[in-house]
Structures are given as structure tokens and as C-alpha cells.
Amino acid sequence: MQYRTLGNSGAVVSNYALGTMTFGAEATEEQSRTILDDYFAAGGNFIDTADVYSSGASEEIIGRWLADRPDVRDRAVVATKGRFPMGQAPNDVGTSRRHLVRALDDSLRRLGVEQIDLYQLHAWDPVTPLEETLRFLHDAVTSGKIAYYGFSNFLGWQLTKAVHVAKAHGWSAPVTLQPQYSLLVREIESEVVPASLDAGIGLLPWSPLGGGWLSGKYKRDQAPAGATRLGENPKRGMEAWEARNADQRTWDVIAEVEETAGRHGVSASQVALAWLADRPAVTSVILGARTTAQLADNLAAADLRLTPGETERLTEVSRPRVGVYPYGPMAQEQRSRKLEGGR
């Protein structure tokens, strides 16, 4: 395991984080505790959860596990999120001060800690004034309820606006952004990655295996079945079967990943994770596992070093499709400048 600073903070985290969305849903409490044990035994120290994961059960499982392991609690960096609905009332959702003060206190209680290391807004809120949200986060930092804060699923302009509003008011600044990012989903490279690099924000990619596609477990034109996420629900979310199966780029990327894996004698998952962990601005890649076997395989990516040629081929075959403007080659050239001048 390698260690990196948490964005532009002084806190240090492992470059692979443990995502816990499965806890209390796809993984029982007993399985979840074993996954946590194995992750920390491998050198990891960064747990990511959210209040909506299994309606609070994920946080509760982590809290009970931490309570039983006080020595680990001192080493663990715990991140959670708030924003999505935790009830049916109008104020049970969003990033208003009213909702977040309750959401944060509830997360502290479920996790059984006095301070959350990284508190994240789970998504942008188009209703609440940004100043209201950022002032709440600043107050939470100064009161000691959270050490740092970050965002998830923000667009580039939203991230940049938040950074500059916080700076203009002299408030605590965000340190991280959690976006979807993988060899199959690279659209954030047009705006979100540059905005993050500009602000010193660390990226914490979620769904690094594209919902399981990059593990190689799905086969072309063979509808998924069995105990997999798409086997249980082929229309599941952004990784739904029909659209990706019909896209030639999907299978070109998977073929290159599997060829690279064969040369190294490792799994396809490890190749996809190793590529992502070395992308610009990435601090820690969030691993989601149902079983200890999945976790062990994913964590082995920490030992894999791709050659420059392999990285280049994976980057080229997975290059996202863009229009002529504003992200096409000629448009990018308009924004470039040669130091020696000339055409």
C-alpha cells in the first residue's frame, strides 16, 4: 500500500480506500467486519461510507467495529457523506444548515466517534445557497465535529465556485472530490480533473471497475446472470447492461485490460485499478467488495506497476469520445501555448 496526503490537507491516507456501500445490504455484519479486518491488515487506513448506505446500517456496522478495536480507531481515517434523503419530509434532504446539522450529528452517533475525519456533500444541491452550506461546513470544522470536508459528484464549475466562495469568506477550504471515474468513464477529465488540479483537490474515484465490467466477468452478447449486480438487475444504474454491451468501445477497453493482465499474470481488476491509481489528482481509489476474496484481489493492485507503454495503450483505447468543440483536439489547441511562440 502507498500513502498520500488527503488532497491539500496534511492528513495521510492509503491510496486504496475501503468503500462500504455493501455493508448491511450485500454483506452481512459478520462479513463486513471481516472485510474491515482484512483491509487494515493489508495496510489500508481509509474507510468511506455515507448515511444513506443501507439507511444508516453501514455507519452503524463501522461504529461497532471501531468500538471493538480502539487501537485501529487511532489509525483509521473515516469519511462519510450527507445530502440524500433520510426521511420523507421536505427538510430531510439537501445541504441546508437545517438538514446537515442533523445529518452530521446522526452520523457521529452511528459511527460512535467525536469527530469525522472527512465529511462530504454527497451531491450538489441546486436549492440551498452555496454560502449557507459552506458556512455550515466551516463551523463544523471550527467546532471540531469534522476535521476536513469535501464533495461528491460535483461538476467542474461547481467545485471551482465552492473553492473560491470559501476563499473569499476566509472559511475552511474543501480538500477532496469523489467522482465516478474508471477506464470506461473518463468524461471528468475534460473539466473536473483540471478544476481539481487547479485547486489542489484530491480525487477519490468511485466505481473504479465500472460496476464490475472491468473485472472481465461479463461476456459480450451474453446477458449477465447469477449473483452479480447486473445478474440481479441488468438495468442497474449507470452501468446497465444493454447500453454498454452495445458499445464497441466497452469491449475494446476490456480486451486491452485483459491482454495486459495476461502479460502480468494478474486479474483484469488489478490492471484497471492500477491504471486509475496513477491518474493525475487521484488521492485514493475507493474499493467496493462483497466478499473478502474480492477485496484481496483488488488490494493486490497496490503491487502492480504498469509499464509506460501499457499505460499509454490503456489510455488510448479508453479515450472518451468528444465533439469537435469545446473538447476536441482543435479546441484544445486553441487553449494551448508554445513557450517559443509561433504557429
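User: Where does Gly 87 lie in this model?
Analyst: Keep in mind that this is a predicted model. Look past strand β5 and stop before helix α4, and you'll find Gly 87 in the loop between β5 and α4.

User: Is Gly 87 buried, exposed or partly exposed?
Analyst: Buried would need under 20% relative accessible area, and exposed would need over 50%. Gly 87 has a relative accessible area of 25%, so the label is partly exposed.

User: How far apart in space are Gly 87 and Met 330?
Analyst: Along the sequence, these two are 243 residues apart. Going from C-alpha to C-alpha, Gly 87 and Met 330 are separated in space by 49 Å.

User: And Thr 22, is that one buried or exposed?
Analyst: Thr 22 sits in a loop too, the one between β3 and α1. Beyond its close sequence neighbours, Thr 22 touches Ala 27, Arg 229, Ala 289 and Arg 290, with residues up to four places away not counted. Its relative accessible area is 2%, and the cut-off is under 20%, so Thr 22 is buried.

User: Which strands stand at the edges of the open sheet?
Analyst: The sheet has eight strands with parallel pairing, in the order β9-β8-β7-β6-β5-β4-β3-β10. An edge strand has a single partner, so one of its sides is left without a neighbour in the sheet. That describes β9 (202-203) and β10 (285-288).

User: Which residue in β7 does Gln 120 stand opposite?
Analyst: Strands β6 (residues 116-121) and β7 (residues 146-152) pair in the parallel sense over five bridges. β7 is mostly covered, with five of its seven residues buried. Opposite Gln 120, in β7, stands Gly 150.

User: At about what angle to β6 does helix α4 run?
Analyst: Helix α4 covers residues 97-111 and lies across β5 (77-82), β6 and β7. Its angle to β6 is about 140 degrees.

User: Is α10 roughly parallel or roughly antiparallel to α13?
Analyst: The axes of α10 (residues 248-264) and α13 (residues 308-317) come within 9 Å and cross at roughly 165 degrees. Angles over 145 count as roughly antiparallel. So α10 and α13 are roughly antiparallel.

User: Which residues of α13 meet α10?
Analyst: The crossing of these two helices, α10 and α13, is left-handed. On the α10 side, the residues involved include Arg 249, Val 253, Val 257 and His 264. On the α13 side, they are Glu 310, Arg 313, Leu 314 and Val 317.

User: Which helix gives the largest share of the largest nonpolar core?
Analyst: That core has 93 residues, and those touching the most other members are Tyr 16, Phe 46, Leu 134, Leu 137, Phe 151 and Leu 214. The largest share, eight residues, comes from helix α11 (residues 268-277).

User: Which residues of α11 does Leu 214 touch?
Analyst: Leaving out residues up to four places away in sequence, Leu 214 has contacts that include Leu 183, Pro 208, Val 253 and Ile 254. Its list also holds three residues of α11: Ala 268, Ser 269 and Ala 272.

User: How many residues of α11 are buried?
Analyst: The cover over its buried residues includes β1 (3-5), β3, α10, β10, α12 (292-299) and α13. Helix α11 is largely enclosed by the rest of the structure, because its buried residues number ten of the ten.

Technical notes:
Residues numbered from 1 in each chain as written. Predicted model: local features only at pLDDT ≥ 70, side-chain atom pairs only at ≥ 80, totals over all residues. Heavy atoms only, no water. Core = buried A, V, L, I, M, F, W, Y, C linked by side-chain atoms within 4.5 Å. Buried < 20%, exposed > 50% of the residue type's maximum accessible area, 1.4 Å probe, protein only. Helix = DSSP H or I, 4+ residues; strand = E, 2+ residues; numbered from the N terminus. Contact = heavy atoms within 4.5 Å. Pairing = 2+ DSSP bridges. Axes fitted to C-alpha atoms, helices over the stretch in contact; angles between N-to-C directions. Parallel < 35°, antiparallel > 145°, perpendicular 65-115°, else oblique. Left-handed = near helix turned anticlockwise from the far one by under 90°.
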